[in-house]
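Q: I'm new to this one. Could you take me through the place where the two chains meet, slowly and in plain words?

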Amino acid sequence: MKIGSMFKDLLTSFFKKPITELYPFERPDVAKRFRGKLYYDPAKCTGCNLCSKDCPSDALEIIILDRAAKKFVARYHMDRCTYCGQCIQSCKFKCMGMSNEDWELAALNKEAFEVVYGRDEDIATLLAKFSGNKTEPAKPE
Amino acid sequence: MNTEARLQRAKDALAPFTRETFAPETNRLDVVIDAGDLTKATAAMLAADCGYLSAITGLDLGVEAGYMEALYHFCDAAAVTSLRVRLSREGQPEIDSVADQVPVASFYERELSEMLGVTVVGTPDPTHLFLPDDWPDGVFPNRRDFKIEDAAPVERDVPKIPEQGRMGNKFIVPIGPQHPALKEPGHFEFAVDGEIITGARMRLGYVHRGIEKATEQRNWIQNLYLLERICGICSHTHTSAYAMGVEKLAQVEVSPRALAIRELIAGMERIHSHLLWLGVVAHEAGFDTLFMYSWRDRETIMNLLEEITGNRVNYSISVLGGVKQDIGPAESKSIHKAMDYLEERIRYYLDIVSTDAMFLQRTRGIGTMTRDEAILYGALGPTARASGLVRDVRLDSPYGAYKHFPISIVTDERGDLEAKFAVRLKELLVTCFTIRTLVDNLPAGDLTVRFPRKVPAGETVSRVEAPRGEAFYFIKSEGGESPTRIKIRTPSLCNWTSVLNKAVGHQLADMPMMISGMDPCFSCNDRMVTVRRKNGSQTMSWFDLRAYGIEKYKSR
């Protein structure tokens, strides 16, 4: 039986650079396949809604304004998203992707977590339609 | 002995009790028996050496069918024999306990009685296992006519967690649910005589989330991600077991390449799980240097998993019908590089845990379990293999790519904590070797195949070897977009019996190491947020919890 068999390891580690990273001073490189914020391109979408049907956490809604004119608005709830990537898998037209750049997603208010994708005029139409009776998730009493 | 011979042996053993038999799948035999014959049939199965009781599934066939079934699954290598006991939905159905023959069945029976409302006559502990103590009487979550509104907590004298102190002649030391020695919530009561333990009890369910029930409201694809979250450490085990079962039901053939990638990730998950375990047990022993080192080296594999799958935990690489990500030249290069480093480190740790004098005093001869005891208590995984019991689904019933890329099994005869270290660390070396083989010989094929939205009606059993032992899945479909019933039995539940029984006679100070020695995973066992509050209710809704948190924060 050896006593103190880790001494050598202890000594070498003493002269090594620390393994910890100095985040947020040094921004680490994340993997290429890392699943960060979801992006959506209405131009490729057909409005089949498979992505929102398969979403395990109800994080995605595709609102169809005009299917023929490709007028789609996606409402993405970043706080509900589990970043599993199933929507990308379910989409047959590759209109979605997850960024490995945008992963610092913390915010101080809940509004920041609701992201809307689509053409500006479509979003404006939608907002005009729903202004007054804005759909909000049920609040605690 | 092949699977047919094993099934025939079980059929012969059960012949006197058989009412009806059918074979739902090639490696399965279902035998319908009368409720009165259950104990005799179990005795016959055990006497004829037809495997071990792996799980009990409670199945409600619905109001129209008018009956329920309790399925006792016996696993014998690849053969799965299920005893189906039909029970009436009306009145108070009763079934005899088999816990005197199979001690671990006590857990399964408690689950069966609280979830399905079957009285198990003669079970050692009839209290709740997963559900809170203020759960209303006569409300059973696994019944088809269960409504969530019925499950409102009732006012009841909840048995209190005993304060530390004397109970008769015994001195009780309570540990948990929140305790520095436990990484996850679980409650233990140890009766001690001086420093020596004379009795042990436990209570689970503090992180019970009702996942089995929740699967019935989601579609087949959504469930994949729900089940992945049963456990943060062996998430891939759960997705593979589920995907494998559903693919079997849908009769979808997955490409060899996808299967090989699944095995590769399973191997990497095993490395990360065992290195995490090594650190935790070293920490419990007070050997924090080893804890820091093994967790530092675990980062290698975590980064690798992130590079391949896109996430460090909950990799979400499996989809129904294949995998999401491929292994390219760049990935295989980084895998080889990581393996070079890890193999060297693992050899070094193996040397330390088997030679360091101080550490050996905490592990040698502690919690020694013989092979016969391991069989009796129904131990699984490395806990069983450290007692010389070869029980590994990858060997017994090779699934997925394990048919083409077999693994070699590491066993140890000693049965103590030292043997558990040896088994797990040697298993790591074997896994590193398997990963290299897989990366160099990845078969060709598509990553995914088309998967139907509706899965044909049927039942399947899917077993996968998790880092901690066998994970058991029973999946039933009625042809819809979501499953009718998913039963999950995780390995930690089986290993508890062995630890609690082996605790007696040991010093209290050895308990943290013995408990972490089996690598318990509370989240795996428990699948409802349960909190004890002043008003006596144990359940909290999400909004209550949020309000409670805000109130607590403001009153600081």
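A: Let's go straight to the polar contacts: in this predicted model, 14 residue pairs are in polar contact across the interface of chain A and chain B, with both residues at pLDDT 80 or more. Which parts of chain A give two or more residues to the side that touches chain B? They are helix H1 (7-14), helix H2 (50-54) and helix H3 (86-90) of chain A. As for the kinds of residue on that side of chain A, you'll find 14 nonpolar, 7 polar and 8 charged.

Now for the overall extent of the meeting place. On the chain A side, 29 residues are in contact with 38 residues of chain B. Together the two chains bury about 2,700 Å² between them, and 50% of that is on carbon and sulfur atoms.

Charge comes into the picture too. Side chains of opposite charge can pair when their charged atoms come close. Across the interface of chain A and chain B there are 2 salt bridges. One of them joins A:Arg33 to B:Glu331, where the closest N and O atoms are 3.3 Å apart.

For some context, the structure holds 46 salt bridges over all chains. Among them is a pair within chain B, B:Arg257 with B:Asp326, whose closest N and O atoms are 2.9 Å apart. This pair links distant parts of the chain, 69 residues apart: B:Arg257 belongs to helix H7 (residues 256-284) of chain B, while B:Asp326 is in the loop between strand S13 (322-323) and helix H9 (329-355) of chain B.

While you're looking at chain A, have a look at its sheet as well. Three strands make up an open, antiparallel sheet in the order S2-S3-S5 (chain A). Strand S2 (60-66) and strand S5 (114-117) of chain A stand at the edges with a single partner strand each, so one side of each has no neighbour in the sheet. From one strand to the next, the twist averages 15 degrees.

Zoom in on one pairing and you'll see strand S3 (residues 71-77) of chain A running antiparallel to S5(A), over 4 bridges. A handy spot to look for is A:Tyr76, which stands opposite A:Val115 in S5(A). Strands of a sheet pair through backbone hydrogen bonds, either parallel or antiparallel. Finally, helix H4 (residues 120-130) of chain A lies across S2, S3 and S5 of chain A, and runs at about 75 degrees to S3(A).

Terms used:
Residues are numbered from 1 along each chain as its sequence is written. Chains are lettered from A and ligands numbered from 1 in the order in which they are written. This is a predicted model: local features need pLDDT of at least 70, side-chain atom pairs count only at pLDDT 80 or more; totals for chains, interfaces and linings use all residues. Side-chain values use heavy atoms; hydrogens and water are left out. Contact means heavy atoms within 4.5 Å. Buried area is the accessible area (1.4 Å probe) that two parts lose on being put together, summed over both. A salt bridge is a side-chain nitrogen of Lys or Arg within 4 Å of a carboxyl oxygen of Asp or Glu. A polar contact is a pair of N or O atoms within 3.5 Å; within protein, one must be able to donate a hydrogen and the other to accept it, and residues adjacent in sequence count only if both atoms are side-chain atoms. Ala, Val, Leu, Ile, Met, Phe, Trp, Tyr, Cys and Pro count as nonpolar, Asp, Glu, Lys and Arg as charged, and the others, Gly among them, as polar. Two strands pair if DSSP finds at least two bridges between them. Axes are lines fitted to C-alpha atoms, for helices over the stretch in contact, and angles run from 0 to 180 degrees between N-to-C directions.
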